[in-house]
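Biologist: I would like to learn how to read a protein model, one feature after another. Where should we begin?

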Amino acid sequence: MTAPAIAIYGAYGHTGRLVADELLARGRDMILAGRDPDALASLAAELEAREARGGASVRTHTAAVDDPGALRRLADSAAVLVHCAGPFSRTGAPVAAAAAEAGCHYVDHALEPHHVKHVFDTLQATAERTGTLLVPGVSFYGGLGDLLASAVADGLPEVDRIVLAYGVLGWRLTTGAKNTAAQLFAETERLTYADGALSVGYVEPRNAVFAFPPPLGPRSTLTPFPSFEPLTVPRHVPTRNVDMMLTSSTFEEPEVFESEDLDDGNRAASDFMIAAQAIYEGGNRAGDLRGHDLWRVAAVASVEAAVRIADGAGPVKTGVLAPAEAFPAREFLRALEAQGLFDAHLPEPSDQSDQSDPSDPSEGS
Ligand SMILES: NC(=O)c1ccc[n+]([C@@H]2O[C@H](COP(=O)([O-])OP(=O)(O)OC[C@H]3O[C@@H](n4cnc5c(N)ncnc54)[C@H](OP(=O)(O)O)[C@@H]3O)[C@@H](O)[C@H]2O)c1
């Protein structure tokens, strides 16, 4: 019996191609989808010409986001759909809805809080009725923060504050990421989670210093950084506040917005540290992920999720779930670490002592 096919929507974009590479490396049958039939055919020919294909079959399917019939036929033909075409505020809703209605499991690369909220708010009942699992944001921004918060707070009965700080150096945006960043920065309706309540409204962005563990050290950050963890982390961590930060220098590098035509090698040259703190009465716990090439990390995270779901190794539940509700956070992060994507410094779940030292490379490994 062959494994069920995994569809990639937005397959010929940068993220979609990395997802296709990873599926090919795992010998998985795939359906390349998007709105441009010529770009799909050319990518299919390129993948089929690769020697190390492991027998994987590659099909194509053309579907525009405003063509519900074509999206439905795509969703009917796949076990899992990995949505890679953004900004998700423009492309997310129709693709996620087609998947939910067809009973095709779904993961995406969104970090946009409003898209993720829309999926939770509008597709929960449909997904439960059709037995579909939808996990928006199994990616670098958003997904890894959600998983890391869960791993760091594991076992704590009550948490006052989860602080998630992304330290990113050398990020070079694609067209899709540039359009997404422009939309997010222009947005005045921010999602925040404070004093046990989710709010939507204007919050003035400010700079705050966050003390990343060495070698990054204390850095100026932009906060709140608009990513969806304020919505998802309280679903699985008993916290009263979620703070989001991103190093200010990430968007101050002159090349960051001038990199649409960069080659893949140069685009891969980013370094990151995602640090999480769980602050509770009487102490705090910390952990972090340190690695390179956030684009590849994002793609492999989504493939790891899609393959687990396709093979029946995903969650037993259906409906819309946060990444850390769908997968056991510590084990999922360790599985990505084992693929060489990053080093994960995680406190032991039973260790409720103060000030675990995430800079100690021996810790948790
Ligand atoms: N959360 C994270 O950490 C993370 C990580 C990676 C990517 N992402 C997100 O993933 C998205 C894609 O990023 P990327 O780097 O792959 O960008 P990219 O290389 O510019 O590719 C964008 C892809 O989206 C397609 N697309 C855009 N608008 C579309 C529409 N209205 N209908 C159908 N297809 C459309 C493009 O097709 P055309 O060429 O036909 O326009 C292209 O295939 C972005 O939103 C980015 O923010 C997030």
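Modeller: Begin with the domains of this predicted model. The centres of domain 1 and domain 2, taken over C-alpha atoms, are separated by 24 Å. Domain 1 covers 6–138 + 299–326, and domain 2 covers 140–294 + 338–345.

Biologist: How many residues of domain 1 are in contact with domain 2?

Modeller: Contact is established between 19 residues of domain 1 and 24 residues of domain 2. On the side of domain 1 that touches domain 2, the elements giving two or more residues are helix 5 (113–130), helix 10 (294–310) and helix 11 (323–326). That side of domain 1 has 11 nonpolar, five polar and three charged residues.

Biologist: Now the ligand. Which residues are the closest to the ligand?

Modeller: They are Gly13, Thr15, Ala85, Gly86 and Gly176, out of 29 residues that surround the ligand. Helix 1 (14–25), helix 4, helix 6 (140–153) and helix 7 (175–186) are the elements that give two or more residues to this shell. Helix 7 gives the most, with four residues.

Biologist: What classes of residue make up the shell around the ligand?

Modeller: There are 15 polar, 11 nonpolar and three charged residues in the shell. Each of domain 1 and domain 2 supplies at least three residues to the shell around the ligand.

Biologist: Next, how do I read the packing of two helices? Take helix 4 and helix 5: at what angle do they pack?

Modeller: Look at the angle and at the distance between the axes. Helix 4 and helix 5 pack at about 10°, and their axes are 9 Å apart. Because of that angle, helix 4 is roughly parallel to helix 5; angles under 35 degrees count as roughly parallel.

Biologist: Which residues of the two helices meet?

Modeller: Helix 4 brings Phe88, Ser89, Gly92, Ala93, Ala96, Ala97, Ala100 and Glu101. Helix 5 meets them with His114, His115, His118, Val119, Leu123, Thr126, Ala127 and Thr130. The contact of helix 4 with helix 5 has eight nonpolar, seven polar and one charged residues.

Biologist: Is helix 3 parallel or oblique to helix 4?

Modeller: Helix 3 (residues 68–76) and helix 4 (residues 88–102) pack at about 50°, with 9 Å between their axes. Helix 3 is therefore oblique to helix 4. The crossing in which helix 3 passes helix 4 is right-handed. On helix 3, the contact is made by Pro68, Leu71, Arg72, Ala75 and Asp76; on helix 4, by Pro94, Val95, Ala98, Ala99, Glu101 and Ala102. Eight of the residues in the contact of helix 3 with helix 4 are nonpolar, none are polar and three are charged.

Biologist: Last, the backbone. What is the usual case for phi and for peptide bonds?

Modeller: Most residues other than glycine have a negative phi, and most peptide bonds are trans. In this model, aspartate 195 has a positive phi, near 50°. Aspartate 195 sits in the loop between strand 8 (190–194) and strand 9 (197–201).

Biologist: Which residues does a cis peptide bond join?

Modeller: Proline 214 and proline 215 are joined by a cis peptide bond, with omega about 10°. Proline 215 is in the loop between strand 10 (206–211) and strand 11 (218–223). The peptide bond from threonine 223 to proline 224 is also cis, and its omega is near -5°. Proline 224 belongs to the loop between strand 11 and helix 8 (229–236).

Methods:
Residues numbered from 1 in each chain as written. Predicted model: local features only at pLDDT ≥ 70, side-chain atom pairs only at ≥ 80, totals over all residues. Axes fitted to C-alpha atoms, helices over the stretch in contact; angles between N-to-C directions. Parallel < 35°, antiparallel > 145°, perpendicular 65-115°, else oblique. Left-handed = near helix turned anticlockwise from the far one by under 90°. Contact = placed C-beta atoms within 7 Å. Nonpolar A, V, L, I, M, F, W, Y, C, P; charged D, E, K, R; others polar. Domains from an automatic or database assignment. Near = placed C-beta within 6 Å.
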